[in-house]
Amino acid sequence: MKSMAYVATAIGYPYIGENREWKKSLEKFWKQELTEDEFVTQQKEIRLSRIEKQLQLGLNVVSVGDFTNYDRILDTAVMFGLVPKRFNWQGGKVDLATYYAMARGNKEAVACEMTKWFNTNYHYIVPEYEGQTLQLTENTLLKHFVEVKAAFDITAKPTLIGPYTFIKLTKGYDRVSKASFVLALLPLYIQVIKELAAAGVQWVQLEEPALVTTLDQEEIQLVQEIYGQLTTAAPEVNIMLQTYFESLSAYEQLVQLPVQGIGLDFVHGYQDNMQALRQHGFPSDKVLAAGVINGRDIWRANLAEVKTMIQAIEQLSGAKELWIQPSCHLQHAPITTKFETKLDKVLLNALAFADEKAVEIVEVVANLQGQESTAISASMKAIEALKNHPIRNNKVVQQAVQTIEQADFERSTPFTERLAIQQKALQLPLFPTTTIGSFPQSDEVKQKRNAWRKGNLTNEEYTAFLEQETARWIAIQEELDIDVLVHGEFERTDMVEYFGEKLTGFAFTTNAWVVSYGSRCVKPPIIYGDVAFEAPMTVKETVYAQSLTKRHMKGMLTGPVTILNWSFVRDDIARKDVTYQIALALRKEIESLEEAGISIIQVDEPALREGLPLRKENWNAYLEWAVGAFKLATASVKDETQIHTHMCYCEFNDFIEPISALDADVISIETSRSHGELINSLQHNPYDKGIGLGVYDIHSPRVPSEAEMLTIMQDSLQVLARNQFWVNPDCGLKTRKEPETVAALANMVQAAKTLRQQIEQVI
């Protein structure tokens, strides 16, 4: 019997750098602290350092094309000339000014829409098709392949977002123009691949995560046509069709596509992909790229189980060759654990970031090839030690979750009755104005926080500074004449980390950064034990802020599902149980705020939708406990207490019903970049509770005019009753600068006042 050939590889590797060199380079360039030539040189150095690192870790095959100057979907759009007309592009290579204008907007043009990348917390730039004449502006994959070949004398694997996924993520076409779009796009993919083949490329990886979503027969046929044309037109190179985040849909049909290799996720799609192998086998002439190490978490793998899984895959598939890899691109994991010297030793020993995951792949491949290794037994011991850690054995918390009753999920009074009670109690004007919670965190705020954390500022000095900054922004809000105020959140670095630091069961890293969008990086907490409330977390700051104004002050909390989805979560118990633990802790915090006299409490759930399974048939099971967790956290308040929530940058068109099921009194959502779509959705799916349609995009530095925001408000009244409609930005303002924030809010408030006057004139 022929022995199996194994290849250790990765779909993609993080691009931010061990110390966020990539992020710092981008932001210096945006601030004009780097020339374009200096910026391009720095980006090349970072690109090549990533390749060198992966080779040192022992991977057999590394990728190019997994790097970006902002976002890989934006890169693909730009490479194919998919530049919206409003950016006045004249053809040819897309310059960096146009590229970043598409991502961030400029004074003349609104940025392209941004939304979540499947069920992750990464945000991509949505391509816009306007009937443009598509063209290959620059083959960046070829450029990077040649660059790596020259530097390391290796034949790398170029990777590109696949054509079907790119088509699915692009907006602007209808059923008629879709055919034209596909016909214009495919020759460009073929051109890219043929140019790569001519340069000596052996394998091209086409990433098709959209193939794990629910596909109808028409979509299956489109995929078959796309790959039939690609492989016929470019037979010189091998195509690795890469899927991840779930099991391959329509397996029996798509596994027969005329490609030379198929990548399957055996972590998140384990059961269905294994069942598909059992039922339908795998083409013996294809390479199977098996994603067996979780690319989306930070936990050390049980290598004994991984080895057994690989052996089962090998036996069931009969593939000609196995590539052993993570389940997805490693951009969703931090880079290395080597900086995490302050963590609990038992916890640290059970962690694996991107570098450690690469080593796991190399070690398990070596073991499969007959080499002796202690890695397998070491992984088992580390996992067992964490299992027995006292933090994972809080019997009080576990009992509280087990004894939850149905009544714990329900408000005492229906919304229609609560609304009248709250309107009488709060006495707010028509179209009340507010913000989402955070205000700009200036350099001074960051410097004071760092000084305090390093012990160079006393607790008293730091508290005095925070109170001073809070008072200053309350005065600004009152001067702007905002109706419902916030304290600004100057004490918070991150909306999840802040709460995790005050609850049991969480750990925090020194350098475990991952990209959220653009250059925005986050450092997710680690939920590694049972979560419990210890003491009030926000009451002191909120009550102080309320003491400075007669206007209503919102209490600001992060919701249980968002804390879950924006953390690295323990994998030894169900996610539902972890979320209910968090919800019970937040329930106590909300009750503490209410007892302190705070009558409007916002519990943000921007990550509710991103936790949805990628196939709609699996939505209900998730939504039952995810919506339940929010209600468990908020249901115990009085009728007079108004519960708000916030969501941002996700597709709401098919999500209105779950939003309503939260039973929040007011929800604020993003609509500035995708306004028309949401208005259309609300026409067909009316929403019956309070709603704040974010009237301007805070992710862009541009200041929208009063007229621009007024138009959004006027359009919104086509689908919303007057007493439903709140006015707010589309997200928190922490990352913005103070002058642009004040200017934009001034225009927002004036637009709301103008709308009130228009309504009064009609009445």
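This passage walks through one small sheet and a few helices of the structure.

The model is predicted, so to speak, by computation: local features need pLDDT of at least 70, side-chain atom pairs count only at pLDDT 80 or more, and totals for chains, interfaces and linings use all residues. Numbering starts from 1 along each chain as its sequence is written, and side-chain values use heavy atoms, with hydrogens and water left out.

Helices (H or I, at least four residues) and strands (E, at least two) are DSSP runs, numbered from the N terminus. Three strands form an open sheet in the order β12-β15-β17, with mixed pairing; strands pair if DSSP finds at least two bridges between them. At the edges sit β12 (503-507) and β17 (568-569), each pairing on one side only. Strand β15 (residues 526-533) runs parallel to β17, joined by 2 bridges, and Ile527 has Val569 of β17 as its bridge partner.

Next come two helices that pack together. Helix α18 (residues 459-480) meets helix α27 (residues 738-762) at an angle of about 35 degrees, their axes 10 Å apart (axes are lines fitted to C-alpha atoms, for helices over the stretch in contact, and angles run from 0 to 180 degrees between N-to-C directions). Contact (heavy atoms within 4.5 Å) involves residues including Trp473 and Ile476 of α18 and Leu745 and Val749 of α27.

Helix α23 (residues 619-634) has 16 residues, which at 1.5 Å a residue should span 22 Å, and its end C-alpha atoms are indeed 22 Å apart; the expected span is 1.5 Å times one less than the number of residues. Of those 16 residues, 13 are buried (under 20% relative accessible area, 1.4 Å probe, protein chains only).

How values were computed: Buried < 20%, exposed > 50% of the residue type's maximum accessible area, 1.4 Å probe, protein only.
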